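Biologist: Pick one helix and walk me through it up close, please. After that, add whatever helps to put it in context.

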Amino acid sequence: MTVLAELALNQRLTGRHSSKDVRHLEFLFDGYAQLWQPGDGVSFQPQNPPQVVSAMLDALGASGEESLIGPSGALRPLREILLCEVELTQIHRPLLVALHELNHDSRLISLLEDQSGQALAHFLASHQVLDLVHQHRGLLDAQGWLARLRPLGRRTYSLASSPLAHPGELHLLVARVEEDHGRGTRLGAASNRLATLAEGSTLELRLERNANFHLPADDVPLIMIGPGTGVAPFRGYVAERMARGATGRSWLFLGERTQREDFLYQVEWQKALAQGGLSRLSLAFSRDGASKRYVQHRILEQAGDFYAWLEEGAAIHVCGDASRMAKDVHAAILEAIRLGTGKDEDHAREYLQNLQREGRYRRDVY
Amino acid sequence: MNDKTLSPVEGIKSRSRHLRGTILESLTDEITGAMREDDTQLIKFHGLYQQDDRDLRAERRQQRLEPAWQFMIRARVPAGRCTAAQWLAMDAIAREHANGTLRLTTRQAFQFHGIVKRDLKASIAAINAALLDTLAACGDVNRNVMGTTLANPAAIRPAIDAVCGSLSDHLTPRTRAYREIWLDEEPVVNTAEDLDPIYGETYLPRKFKIGVAVPPDNDIDVFSQDLGYIAIVEDGRLAGFNVTVGGGLGMSHGEFSTFPRAGDAIGFCTPEQALEVAVAVITAQRDHGDRSNRKHARLKYTIETLGLAAFKAEVEARLGWQLSPARPWQFTHNGDRRGWQEEPEGVSHFTVFLASGRVQDRPGRTALAGLRAIAEADVCEFHLTPNQNVVLANIPREARAKVESLLALHGLAETSISPVRSLALACVGLPTCGLAMAESERYLEDFVSQIEVLQARHGLVETPVTLRITGCPNGCARPYLAEIALVGKAPGRYSVYLGAAFDGSRLNAPWAESLSEPEILDALEPLFATYARERLCAEPFGDFVVRTGVVPAITSGPAFADTARALAAARATRPIGDGPAAVILEET
Ligand SMILES: Cc1cc2nc3c(=O)[nH]c(=O)nc-3n(C[C@H](O)[C@H](O)[C@H](O)COP(=O)(O)OP(=O)(O)OC[C@H]3O[C@@H](n4cnc5c(N)ncnc54)[C@H](O)[C@@H]3O)c2cc1C
Ligand code: SF4
C-alpha cells in the first residue's frame, strides 16, 4: 500500500556539537491507520544527491543533456538518468567483476579473490561509483557505465511512531549517511534526500509490513535493544503501549556516541520513565568515557537482572546495525543466559533457540 | 526567630543529613546531565551550581534534548592568596574538564564553567589535591573570606593573612559529607556526629560574606560584606579592626522590601578577638535571620528588623563583653593598582589585568598560556584580587626580567589600560547564569569602549570611574557600590544607578529604568559634560552627581528602596505616546 504523505516536520535531534546528523521526520497522511503497526516500516524511491550527479557528469566529461538509455529503457537526458535511475552511492560486486573483465586491474583481482571477503566488503562500503569512474578514467563512456550500473532501489525506514498515539502521522528516524573516506564527502542517496526534504513537500511512501517485529501481548515483559537508529521502532512500541495502557514492564537499551549531543529522544524517554511507560533504561555512550561502552556491555553488567526478566517471560527485540551490533548483542545475551543458568554454552544456545522458536527473541537488523 | 512557614530550602537542608541528600545517586544517573531537584540546592554548599547553556535552550528543546546541563565549580582561596603550584593545578583543571578558561571572581576565588556531571568528581578531587577546596564556596554558609591585596605597610601582611585564614578555617562547615562524596572517604556511621557547633542542622538562613580591608585600600568593598573588618594600623603594627555589619547588595527589581545596604561600623576588636566576634555575629544571624523568605534572609534585613543597636547588643551578649568604640579610618583607594609596584627591598609586583576575571587565550593576548608559563617559572605568588585581576606578587629582583619577557611574549605587559576599564566589573550572566535578564560579561568590554569614547570627548580619559554591569539585580559584581551601574532588566535593557562613593562607602541611587545602550549614552553625555566643567578639585563622579542633585545621597538600604519606588511610580504615570522612553529621576 502506498500513501502520498506530506512532510510536516524535519527536525534534527542531535545537538549542535554532534558529529552526526540524525533527524526526526513527521509525515501527515489520510486514512488507513489500522493497517500500520509499530515495527513496520516504510520505503520510498530515492533520488541521488544533485551534488553527486554533478560530480559524475564532470568525471564523465558530459554535459548532462546527452540522450542516453538507462535501466528504464527509455531515452532520457543523462542528468535525469543519473538522478533517478541508477545507483551511484552504492556499489556491488558485479560492477567490480565487469570492470575487471574489461581491464584486468590487479587491485580488483586481489579484492575479488580475497577469500575472507573482508577486504571486498570494506571496499564496497567505502567507495561509490564516482570513485570507480575516477580510478578507471577513459575505460568506459557514459553509456558504457550506465549499462553496468544497478537500478536505483527503494530504501526502507522503520516506523518511529504509533498509529494509536500519533493518529494521521507517520514518524521516521533517519541518520544522514555522510562520510569521508579521504576522497571527499560521500553522501547516502535516500538519507540525504530525507534529511534535506523541505517541510510541506510530499513523498510517496509504501508500507512495508514486518509481521515478525510487532509488539507482543500487552502483559509480556519486553526487553528492547536498539542502539543508534535502531531505537526507531521502540519509540513506536513505547508510545503504543502507553496509549493502550499495557501492563507489561519494559526495559530499553540505547546506545549512541555521547550523552550530551546524541541522546535520541532524550526528553521523551525521561517522560516515559516518569509516567511508567518505560520501566528501565540502560544507556551506553561510546565516546563519553575513556573506554568505549556499547549496549552489549550494559547487558553483561546487568546479566543477573537480564536473565531474571527472561525467566519471568520477557521477550527480546533487537533492532539496528546488522554488521556488528547484532552479533555482539547476541553473544552478550548468550553470556547472560549462561551465567544465569549456571550451565554451559551449549545449554545457553539451546535456551536462546527456544526463545526464538517461541517468538520471544526477534531481530530487525539492517 | 519567627514562626512563619519556613522556605522550602530550609526543609531540604534539614532533611539532607548534613548536606548529603542524594548527591551520590544524582551523580551516577546517566539519564540526565542534571542533579535531582533537592540536590541542586545542596550542591551549592559543596561549591557547585547547576546551570545550562542558555544560548542552546530553545534549539535543544526542539531537538528533544534536555537543556545542556553543566556545572560551575567555585574553589575557595582565602584572601585570594595562591601559590604558583596551585595556579598550575587550576589551569590544568580548566583545560581538562572545564571550558578551557578560568574565571577569577569578585570574591577572590576561582570559578570553572561548563563542567559536565561526569567530570565533577575528578575536578573536585584535583582542586583538593592542590590544597584548595570548594566546600562552602556557595550555599548558606560563610563564603570565601576576602582580604586586601598587598596591604600596606608590608609588615602587617602576615597578620592580615593569619586572620583571614583563621576565619576561613573555623567557619568551614564540619560535615564529612564533602569528603565522602567527592574524595571517596569512608561514610561516617552516624551522621549525627557531623553536628556543627556554629551552623547547627540547617546552617544559615542565607549566604554570609566576610572581608578584611586595610585602609587606605577598600578594594574588597568592606561595606558590601555581611561582616567586615577594617584594619587599624598604629605605629606600623596591626592594632585591631573596626567591625562592620549588615552590608549586602542583592535585591529584586520592583520588590521594594529588598534593597542593597552598606554595612555599619559597630565597634573595635583586637586581632585575637576577630574570630570570636565572627562567631557571635554568625550565630546571632543563624538564630534571628528570616528563614521564611530567602529574599529577606541576609543579615542586612535581620539588622533592619531588629535595629542596629539591638543587634549589636545581641552580639555583645553572645560575646560576654563589649566592643570598644570604632576608631577613625580613611579609605582613599578602590580597585587594583595598575602595572608594576616596587617594594623597598627590590621585590616587585605586577597586576595582570583580566577583563571580567576571564583567563583565556585570545589572539595577541594569551593570558591562560602566559600565566601558566609564569607559574611554571615558579618565581612569584598569585594573588587574586577583588577586581578579578591577578597580582604576580613578591617577584625577586633577579626574576623580574624573566617575568617581564613572559608578560610581553603573551601580550600581558600593557599598562596603558584606561582607569575606567581597569576598574570595570561584570558578573558572569549569560549564557550560563539562570537568572540573567541581559548580557553582562560578554557586553562589558563593548560598553566600556563606549564610555571611553564619551570620556575622551570631555577630556576625562584619565579620571577613574567605577563602572559595573550585572545581568540581574542579584548583585554578583557589587553593582550598587559603583559610581555607574547597569543592572539587566530585559535583553538589551538596563536599569541605571548612579552616585556611589568612589571609595565604596555610599550606595548609588536608582536613576533610570530600562534603557537601551543609545539611551544610556545619551543620558550620560550631558552629565559627563557638566562634570568636566564643574567638578571640584579631584571630586569623583559619584560625589559630583550627588552634590549637583542628579541623584540623592543614599544613606541607608530603605532609602535606596524609596528612591526605586519613586522612580517606578514616575514611570508608571508618564503620559503614553510621547516623552522620553524612560524617566530619569531628577530628585526626590
Ligand atoms: C528494515 C530496515 C529498516 C531500516 N530502518 C532505518 C531507520 O529507521 N533509520 C535509518 O536511518 N535507516 C534505516 N535503515 C537503513 C536505510 O534503509 C538506508 O540503508 C540508510 O538510510 C542508508 O541509505 P542511503 O541511501 O542514504 O545510503 P546509500 O546510498 O545506500 O549508501 C551510501 C554509502 O553509505 C554506506 N551505508 C549504507 N547504509 C549505511 C548506514 N546505515 N550507516 C553507514 N553507512 C551506510 C553504503 O555502504 C554506501 O557506501 C533501515 C534499513 C532496513 C533494511
Ligand atoms: S548578578 Fe544576576 S545575572 Fe549576574 S551572575 Fe549574579 S545572579 Fe547571575
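Modeller: Here's the helix, followed by a ligand site and a pair of strands. It's a predicted model, with local features needing pLDDT of at least 70 and side-chain atom pairs counting only at pLDDT 80 or more, while totals for chains, interfaces and linings use all residues. Side-chain values use heavy atoms, leaving out hydrogens and water, residues are numbered from 1 along each chain as its sequence is written, and chains are lettered from A and ligands numbered from 1 in the order in which they are written.

The helix is α7 of chain B, residues 157–170 (helices are DSSP runs of H or I, at least four residues; strands are E, at least two; both are numbered from the N terminus). Its 14 residues reach 20 Å from first C-alpha to last, close to the 20 Å expected (1.5 Å times one less than the number of residues). Buried in α7(B) are B:Arg157, B:Ile160, B:Val163, B:Cys164, B:Leu167 and B:Ser168 (under 20% relative accessible area; exposed is over 50%, partly exposed in between, with a 1.4 Å probe and protein chains only). Those buried residues fall within an arc of 130 degrees down the axis of α7(B), so they line one face of the helix (the arc uses directions from the helix axis to the C-beta atoms). On the face turned away from them sit the exposed B:Pro158 and B:Asp169.

Also in chain B, the residues around ligand 2 include B:Cys427, B:Cys433, B:Cys472 and B:Cys476 (a heavy atom within 4 Å).

Over in chain A, strand β13 (residues 280–285) has 5 of its 6 residues buried, so it's largely enclosed by the rest of the structure. Strand β12 (residues 250–256) pairs with β13(A) in the parallel sense over 6 bridges (pairing takes at least two DSSP bridges), and A:Phe285 in β13(A) is the bridge partner of A:Glu256.
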